[in-house]
Structure formats: structure tokens, C-alpha cells
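Let's read a protein model together, one feature at a time. Keep the picture open beside you as we go.

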Amino acid sequence: EYVPLTTRLVEKAISNQWRGKDLTSVVGKILEARHRDACEQRALLDDGPQSKKETVIVVMIGGCTEGEIASLKALSDKARAPLIVLTTAVTSGRAFTQNLLADWAVD
């Protein structure tokens, strides 16, 4: 079963299975350090079990596909974790193909 990479990363974050090696292999050591610092700060503020669900905000700069949004919605429903998706553009497979073909068209 195909699942977009963005959904896999959000799934790991929601389930607290996020490991530094996962982040390093995807985006590099700078973000790993930022994530580690954020986790350490969060641990200091954690007062124990939380009674309410945290909302996860997913930001995709450069756009995303309708399939990625659908996959994130399914994850949100399955995990019962509210997600907010922010993106600069949303495209479908059809629109992507049309734009690609238009770029190759000979005048």
C-alpha cells in the first residue's frame, strides 16, 4: 500500500516514534538538532498525562497533492488526532500532467 512520505513522517510524530535518525535521513542534521531541542523543552514543560488531544499543524511549502491531503485526513481519523494542513498550493494528478505537457508543447 502506497503512503506518501509526508504522511509517514506525521504518523511517526503523532505516535511519539520520531527518532533523530529518521529526521537526519530525510532532511539533515540542522532540523534534527532543532527537533531535539524542541523535544527537550517540551519534556521540561510536561506535567504528566494530557487530557486533551494536541492539534498537529502540517506545513507544506511548495504545494502538495490532493492524495497527500486525503492520506493525512485518513491518518487523522485513524489516530483521532486533529490535523491542520497548510500549503502554498494544491494540485491533482490531472492538473500536474496538463502543466507538464504544456511546458513541453512546441509553439
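Q: Which pattern does the protein chain follow, read along the sequence?

A: A good way in is to go along the sequence and note each helix and strand. This is a predicted model, and here the pattern reads α-α-α-β-β-α-β-β-α. The protein chain has 5 helices and 4 strands.

Q: What percentage of the 107 residues in the protein chain is buried?

A: For burial, we look at how much of a residue's surface remains accessible. In this protein chain, buried residues make up 17% of the 107 residues. The chain exposes about 8,500 Å², and carbon and sulfur atoms supply 56% of that area.

Q: How can I tell what part residues 24 or more positions apart play in the contacts?

A: The idea is to sort contacts by the separation of the two residues in sequence. Taking contacts with a separation of 6 or more, residues 24 or more positions apart account for 70% of them.

Q: Which residues does Pro-4 touch, not counting those up to four places away in sequence?

A: Setting those neighbours aside, Pro-4 touches Glu-68 and Ser-71. Pro-4 is found in the segment before α1, a helix that covers 5-14. Pro-4 and Ser-71 are 67 residues apart along the chain, yet their C-alpha atoms are separated by 7.4 Å. Pro-4 counts as buried because its relative accessibility is 5%, and the cut-off is under 20%.

Q: And Thr-7: is this residue buried or exposed?

A: We apply the cut-off again. Thr-7 has a relative accessible area of 4%, so it is buried. Thr-7 has its place in helix α1. Leaving aside neighbours within four places in sequence, Thr-7 is in contact with Glu-68, Ser-71, Leu-72 and Leu-75. Glu-68 and Ser-71 are also touched by Pro-4.

Q: How many salt bridges does the structure hold?

A: Here is the general idea: side chains of opposite charge can pair when their charged atoms come close. This structure holds 2 salt bridges. In one of them, Arg-8 pairs with Glu-11, and the closest N and O atoms are 3.2 Å apart. In the other, Lys-73 pairs with Asp-77, with the closest N and O atoms 3.0 Å apart.

Q: Why would residues three or four places apart in a helix point the same way?

A: An α-helix has 3.6 residues a turn, so residues three or four places apart point the same way. Now for the two pairs. Arg-8 and Glu-11 both lie in helix α1 and are 3 residues apart, about one turn of the helix. Lys-73 and Asp-77 both lie in helix α4 and are 4 residues apart, again about one turn.

Q: Is Lys-73 buried or exposed?

A: Lys-73 is exposed, with a relative accessible area of 51%. Its partner Asp-77 is partly exposed, at 49%. In the other pair, Arg-8 is partly exposed at 39%, and Glu-11 is partly exposed at 25%.

Q: What does the side chain of Ser-76 reach?

A: When you follow a polar side chain, look for the atom it reaches. The side chain of Ser-76 reaches the backbone oxygen of Ala-81 at 2.6 Å. Ser-76 lies in helix α4, which covers residues 66-79. Not counting residues up to four places away in sequence, Ser-76 touches Ala-81, Pro-82 and Leu-83. Ser-76 is buried, with a relative accessible area of 15%.

Q: Which residues form a nonpolar patch on the surface?

A: To find a patch, look for neighbouring side chains of one kind on the outside. Here the nonpolar patch is formed by Ile-57, Val-59, Ile-61, Ile-84 and Leu-86, with about 510 Å² of accessible area together. The elements that give it two or more residues are β1 (56-60) and β3 (83-87). Ile-84 is found in strand β3 and counts as partly exposed, at 40% relative accessibility.

Q: How many of the 12 residues of α5 are buried?

A: Counting buried residues tells you how a helix sits. For α5 the number is 0, so this helix lies largely in the open. Its length can be checked too: at 1.5 Å a residue, α5 should span 16 Å, and its end C-alpha atoms are 17 Å apart, which agrees. Ala-95 is found in this helix, which covers residues 93-104, and counts as partly exposed at 26% relative accessibility.

Note on methods: Residues numbered from 1 in each chain as written. Predicted model: local features only at pLDDT ≥ 70, side-chain atom pairs only at ≥ 80, totals over all residues. Heavy atoms only, no water. Buried < 20%, exposed > 50% of the residue type's maximum accessible area, 1.4 Å probe, protein only. Polar contact = N/O pair within 3.5 Å; in protein donor to acceptor, adjacent residues only side chain to side chain. Contact = heavy atoms within 4.5 Å. Patch = residues over 30% accessible without salt bridge, like charges linked within 9 Å, V, L, I, M, F, W, Y side chains within 5 Å. Areas by Shrake-Rupley, 256 points an atom, 1.4 Å probe, with all protein chains shown as cover. Salt bridge = Lys/Arg side-chain N within 4 Å of Asp/Glu carboxyl O. Expected span 1.5 Å × (residues − 1).
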